[in-house]
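Please examine the model shown here before reading on. The dialogue that comes after it concerns how to read its features.

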Amino acid sequence: MTSNDFPILRLKKNEERRIYSGHLWAFSNEFVEVPKNIAAGSIVKIVRDLDERFVAFGFYNPHSLIAARILSRDPVEQIDTDFFRRRLVAAADRRALLLSSRNSARIVHSESDLLPGLVIDKFDDAIAFQISSAGFEVRKDELIALIEELWKPRAIVEKNATHTRTLEGLEQIERLVKGDSAEALITDSAGSKFTSDILTGQKTGFYLDQMENRTELRRYVKPGMKVLDLFSNDGGFAINLAAAGAASVIAVDSSVPALKRLKLNASANRVAEKITTVARDCFDFLQEQTEALDMIVVDPPSLVKSKRDLPQAVRSYQSLNQHALRLVAPEGVLFTASCSHHMSRDLLAEVIQEAARKSRRTVTVLEERGAGIDHPILVGMPETAYLHAFVLRVL
Ligand code: SAH
């Protein structure tokens, strides 16, 4: 099929502007018509209805609010297997330097790598992929063949059980596509080691987005510090902070399997005796905790599933941060994060301000951080900045 054969979709007046500014989504109400006889996942040619001027090529999904996801704004681009191969290679090349200091990274970050709806994480010699667009869903076999061809991994894991997939009308599926085991040994740039069963682990098997924040937070650890790691999962922060010299770390998470994994990881890093795990709801734990801590990490899951939940979520972030601030010893450090797509950096800053007011603590900002450099933000698409974090000193 040549590019000229793709079905044509017409944008209403002025709806091309967001695409021209680099955004990669076009919503169903922005088209003159959303034809049902074009199959989900097809490639379409998007034009202005006004004068038929070419706007972009994109993936089409008549069952999603995001009716088109932009692939290319180049009118002579051939969208074929080689196009996807080039995009995958380019994305992986962007991480080559990072992967010289650690063995794992997100090598494809969806829209930010111009591969809308596709995430690929490399965990040592294993690869996990996650699809959230019909376009990649119908090309899954082609994608797996490309992963095999380009990286020849020991294991390939499909991690396709996400809320976003239900919005796109895609099935929930997690499976080992290739290999005997989904176990991987992950190293970060500070030399911490983590094992993960990618198939059963949360998200794509491991939270890669906080990897740099964990190692950077080591800079604030003084020998003898008492640390609290809330929403610890398998111990990314707890283990780094213990290894950096903290005297003790309490790690709290409601997931028993995650804490079991944390203990294995702690032993592998020879810090098991410093870390106490608590299988509890972090909100309840915080309410009852009275002992002061020198450093607290607050890294909750996304508390906002849709815009409607935002007010309630803001109250939850508020409560978490207020209680955490109350517990930080004078001159101590609070690392607080939000990975909610609907929570902006400014809103998190307001939450912190309000939490400081309510807890009557004086708070300074040491650093503003986000997801690691393998999770880039697409400037034309603010939605791609989902993780916001602050390193605070509590006076
Ligand atoms: N800090 C972790 C990632 C945290 S992800 C890291 O660096 O890897 C969010 C975690 O919160 C998950 O492990 C999940 O099991 C846990 N969780 C979700 N809701 C919770 C709650 N109410 N109380 C305690 N833990 C919770």
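What follows is a dialogue on the ligand site, two sheets and a loop.

Q: Which pLDDT is needed for local features in this predicted model?

A: In this predicted model, local features need pLDDT of at least 70 and side-chain atom pairs count only at pLDDT 80 or more, while totals for chains, interfaces and linings use all residues. Residues are numbered from 1 along each chain as its sequence is written, and side-chain values use heavy atoms, with hydrogens and water left out.

Q: Which residues come nearest to the ligand?

A: A residue is near a molecule or strand if one of its heavy atoms lies within 4 Å of it. Here 15 residues surround the ligand, and Phe231, Asn233, Asp253, Cys282 and Asp299 come nearest. The shell comprises five nonpolar, five polar and five charged residues; Ala, Val, Leu, Ile, Met, Phe, Trp, Tyr, Cys and Pro count as nonpolar, Asp, Glu, Lys and Arg as charged, and the others, Gly among them, as polar.

Q: How many Å separate an oxygen atom of the ligand from an N or O atom in the side chain of Asn233?

A: A polar contact is a pair of N or O atoms within 3.5 Å; within protein, one must be able to donate a hydrogen and the other to accept it, and residues adjacent in sequence count only if both atoms are side-chain atoms. For the side chain of Asn233, the distance to a ligand oxygen is 2.7 Å. For the side chain of Asp253, the distance from an N or O atom to an oxygen atom of the ligand is 2.7 Å, and a polar side-chain atom of Gln202 lies 3.0 Å from a ligand oxygen. The ligand taken alone exposes 580 Å², of which the protein buries 89% (Shrake-Rupley method, 1.4 Å probe; for residues, only the protein chains shown count as cover).

Q: What is the order of the strands in the open sheet with strand 6?

A: Helices (H or I, at least four residues) and strands (E, at least two) are DSSP runs numbered from the N terminus, and two strands pair if DSSP finds at least two bridges between them. The open sheet has five strands in the order 6-7-8-9-10, with mixed pairing. Strand 6 (104-109) and strand 10 (173-178) are the edges; each has a single partner strand, so one side of each lacks a neighbour in the sheet. Strand 9 (residues 155-160) and strand 10 run antiparallel, joined by five bridges; Ile156 has Lys178 in strand 10 as its bridge partner.

Q: Which strands does helix 4 lie across?

A: Contact means heavy atoms within 4.5 Å. Axes are lines fitted to C-alpha atoms, for helices over the stretch in contact, and angles run from 0 to 180 degrees between N-to-C directions. Helix 4 (residues 140-151) lies across strands 6, 7, 8 (126-131), 9 and 10, at about 155° to strand 8.

Q: What is the order of the strands in the open sheet with strand 1?

A: This open sheet of five strands has the order 1-3-4-5-2 and mixed pairing. Its twist averages 40° from one strand to the next. Strand 1 and strand 3 run parallel, joined by four bridges, and Leu9 has Ile46 in strand 3 as its bridge partner.

Q: Where is Ser42 found?

A: Ser42 is in the loop between strand 2 (25-27) and strand 3 (43-48). A polar atom of its side chain lies 2.7 Å from the backbone oxygen of Ala39. Not counting residues up to four places away in sequence, Ser42 touches Gly58, Phe59 and Tyr60.
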